[in-house]
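Thank you all for making the time this morning. I would like to walk through one structure with you, going from its charged pairs to its core and its rings, and I will try to stay with what the coordinates support.

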Amino acid sequence: MRAPILLLGIASLLTGADTPGPFGLDPATEQEAPPVAPGADQQSPFGPDAKPGAGKPAPALRPTSHRPWTDGLRAYCTEKNLSLTETGDGPVRLLNIGGAAVKGEEVLAYAKQTLAGYEMWTAQQQAFMSKTPAADDIYHLVVFKNDGDFSGLIDWFRAKQLLKAPEGAEDLTKKLGGFPALRVMFAKGEGVTRIPGHWAIYATSCLAIDAFYHARGEHRAPAWIREGMAAEMQRLQLKSIRCTTIAYEDRKDEAVENWAKEVARIISTRDQMAITASDVTRLSLNALPGAHYRQMWSLCAYVRGKCGTGKGAENPFLQLLTATAAGESSEVALKRILKLSDPTLTPAWRAWAVAQK
C-alpha cells in the first residue's frame with residue numbers, strides 16, 4: 001500500500017490516568033536563539049485569506065500552513081451543521097467536532113511539552129515551535145465524536161481534491177483511527193478518549209516532524225526517525241508507548257508494554273526478527289511487523305543519545321534531521337555527522353539496547 005499520508009493506528013487501548021510529567025531532558029541545554037521567521041502565507045481554497053504573521057520566511061524554507069485543511073474543516077462543519085469547539089493558545093489548538101469532549105487541558109499540556117522537548121533536543125533553534133508562532137504555523141488536533149462525521153470529512157476533502165481516492169478495495173483512511181495533514185491531525189474520538197496523553201504526544205510529534213521536513217523539501221522523514229521520535233517522547237513522558245502508525249489489532253500483532261525489554265529479548269535471543277541498524281534505517285511502514293517498529297524506536301533513541309547536547313545550528317541531532325530532509329540517506333548522514341556506520345554501528349547499538357531492559 002502506498003498512500004500520500006501516514007495513517008494513525010491505536011497500538012493499545014489500555015486505560016489509565018495520563019498526567020503530564022517530566023520527559024527526562026536536561027534543562028541546561030536550553031539557550032537563547034534568534035527567532036526563526038514565520039512561514040509564508042498560503043492561499044486557502046475556502047474563503048478569504050487571513051493575514052499572515054509578521055516577518056518573512058527564511059529563503060530555504062517552504063510554507064507549511066495548516067489553513068487549507070482547517071479552513072476546509074470549518075467549511076465542512078458549517079455545511080453539515082456540526083459544532084466546532086476550539087481550545088488552546090500558543091503553538092497548539094484542540095478542536096472538538098460534533099460534540100466530542102476530549103479534555104483540552106490534558107491534551108494541550110502534553111502537546112506543548114512534546115514541542116518543548118523537541119526544541120531541547122535540537123538546541124532551541126525554533127525548528128519545531130517558535131516563541132511567537134505565526135497564525136499559519138499553529139498545530140491543530142481535531143477530534144470527531146461521530147465516526148460518520150469523520151468519514152464524511154474524508155469524502156468532502158476528496159471532493160475538494162485535498163485527499164486522494166483510496167488505493168485498493170479497502171479505504172484505510174476511514175478504517176483506522178485518524179490521519180495527518182499539514183499541521184493538522186484528524187482523529188476519531190473513541191480511541192483518543194482512551195489514551196488522550198499518548199495520542200496528544202504522538203499526534204503532535206508527527207505534525208511537527210512532517211512540517212519540519214515539508215518546509216525543507218520534498219523528502220519525508222525516514223520512518224525510523226519519525227516513528228522513533230514519536231515513540232520515545234511517549235515513553236519519556238508517560239513511561240509507555242501506546243499510539244503508533246501501525247494498528248496491532250489489524251495486523252494480529254500483540255501490543256507490548258515494555259518496549260526496551262522486548263527489544264533486548266529480540267537481540268539477546270537472536271530472534272529471527274532482529275535486523276541490523278542499516279536495515280532499520282531503510283524500513284518503510286508498509287506491512288511493518290511490530291518487532292521491526294520497536295527496533296526503529298530503539299535505534300532512534302540510541303542515536304539521539306549519541307548526538308549529545310550540541311548547541312546552535314551545529315547540534316548533531318538537528319544536523320541529522322536537516323540532512324535527511326535535504327535528501328541525504330540516513331546511512332550517509334549518520335556516518336558523516338556522527339561517524340556511525342555498519343558494521344560497527346549494529347553491535348554498538350545492540351549492546352546499548354540490551355542494557356536498557
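How many salt bridges does the structure hold? Before I answer, let me say that this is a predicted model, and everything that follows should be heard with that in mind. The answer is that the structure holds 21 salt bridges. As a general point, side chains of opposite charge can pair when their charged atoms come close.

Let me begin with D136 and R67, which form a salt bridge in which the closest N and O atoms are 2.7 Å apart. Because D136 lies in the loop between α2 and β4 while R67 belongs to helix α1, residues 67-80, this pair ties together parts that are 69 residues apart in sequence. Both D136 and R67 are buried.

A second example is the salt bridge between E170 and K175, where the closest N and O atoms come to 2.8 Å. Here the surroundings are of another kind, since E170 is partly exposed, with a relative accessible area of 42%, and K175, at 42% relative accessibility, also counts as partly exposed. A third salt bridge joins E227 to R226, with 2.7 Å between the closest N and O atoms, and both of these residues are buried. There is also a network, in which salt bridges that share partners join R74, E86 and R93.

Let me step back to the overall architecture. The protein contains 14 helices and seven strands, and of its 357 residues, 55% are buried. If we take the contacts between residues at least 6 apart in sequence, 72% of them join residues at least 24 apart.

That brings me to the nonpolar interior. The largest nonpolar core has 79 residues, and those with the most contacts inside it are L141, W199, W224 and M229. Helix α6, residues 196-215, supplies the largest share of this core, namely twelve residues. There is, in addition, a second, separate core of 20 residues, which includes W69, I154, L163 and F179. Returning to L141, and leaving aside residues up to four places away in sequence, its contacts include V92, L94, V107, M185, W199 and L207.

Now to the aromatic rings, of which a search of the whole structure finds 15 pairs. One of them is the stacked pair of F128 and F212, with 5.2 Å from centre to centre and 15° between the planes. This pair links distant parts of the chain, with F128 in the loop between α2 and β4 and F212 in helix α6, 84 residues apart. Both F128 and F212 are buried.

The rings of F144 and F150, by contrast, have their centres 6.0 Å apart and their planes at 75°, so this pair is edge-to-face. F144 counts as buried at 1% relative accessibility, and F150 is likewise buried, with a relative accessible area of 0%. These two rings also belong to a cluster, in which ring pairs link W69, Y76, F144, F150, W156, F157, F179 and F186.

Two of the rings I have named also have a charged group over them. The charged end of K160 sits over the ring of W156, 5.0 Å from its centre, while R216 lies over the face of F212, at 3.7 Å from the ring centre.

The loop between α2 and β4, which we have met with D136 and F128, also holds P133. P133 counts as partly exposed, at 25% relative accessibility. Not counting residues up to four places away in sequence, P133 touches G90 and P91, and its C-alpha atom is separated by 9.7 Å from that of V92, which lies 41 residues away along the chain.

Finally, let me turn to helix α13, residues 330-338, and ask which of its residues are buried. They are S330, A333, L334, I337 and L338. Seen down the axis of α13, these buried residues fall within an arc of 100°, so they line one face of the helix. The partners they pack against are α7, α10, α11, α12 and α14. Just after α13, K339 takes a positive phi of about 60°. I will stop there and take questions.

Key. Residues are numbered from 1 along each chain as its sequence is written. This is a predicted model: local features need pLDDT of at least 70, side-chain atom pairs count only at pLDDT 80 or more; totals for chains, interfaces and linings use all residues. Side-chain values use heavy atoms; hydrogens and water are left out. A nonpolar core is a set of buried Ala, Val, Leu, Ile, Met, Phe, Trp, Tyr and Cys residues joined through side-chain atoms within 4.5 Å. Buried means under 20% relative accessible area, exposed over 50%, partly exposed in between (1.4 Å probe, protein chains only). Helices (H or I, at least four residues) and strands (E, at least two) are DSSP runs, numbered from the N terminus. Contact means heavy atoms within 4.5 Å. The arc is that of the directions from the helix axis to the C-beta atoms. Rings of Phe, Tyr and Trp (its six-membered ring) pair if their centres lie within 6.5 Å; planes under 30 degrees apart count as stacked, over 60 as edge-to-face and the rest as tilted. A charge sits over a ring if NZ of Lys or CZ of Arg is within 6 Å of the ring centre and within 35 degrees of the ring normal. A salt bridge is a side-chain nitrogen of Lys or Arg within 4 Å of a carboxyl oxygen of Asp or Glu.
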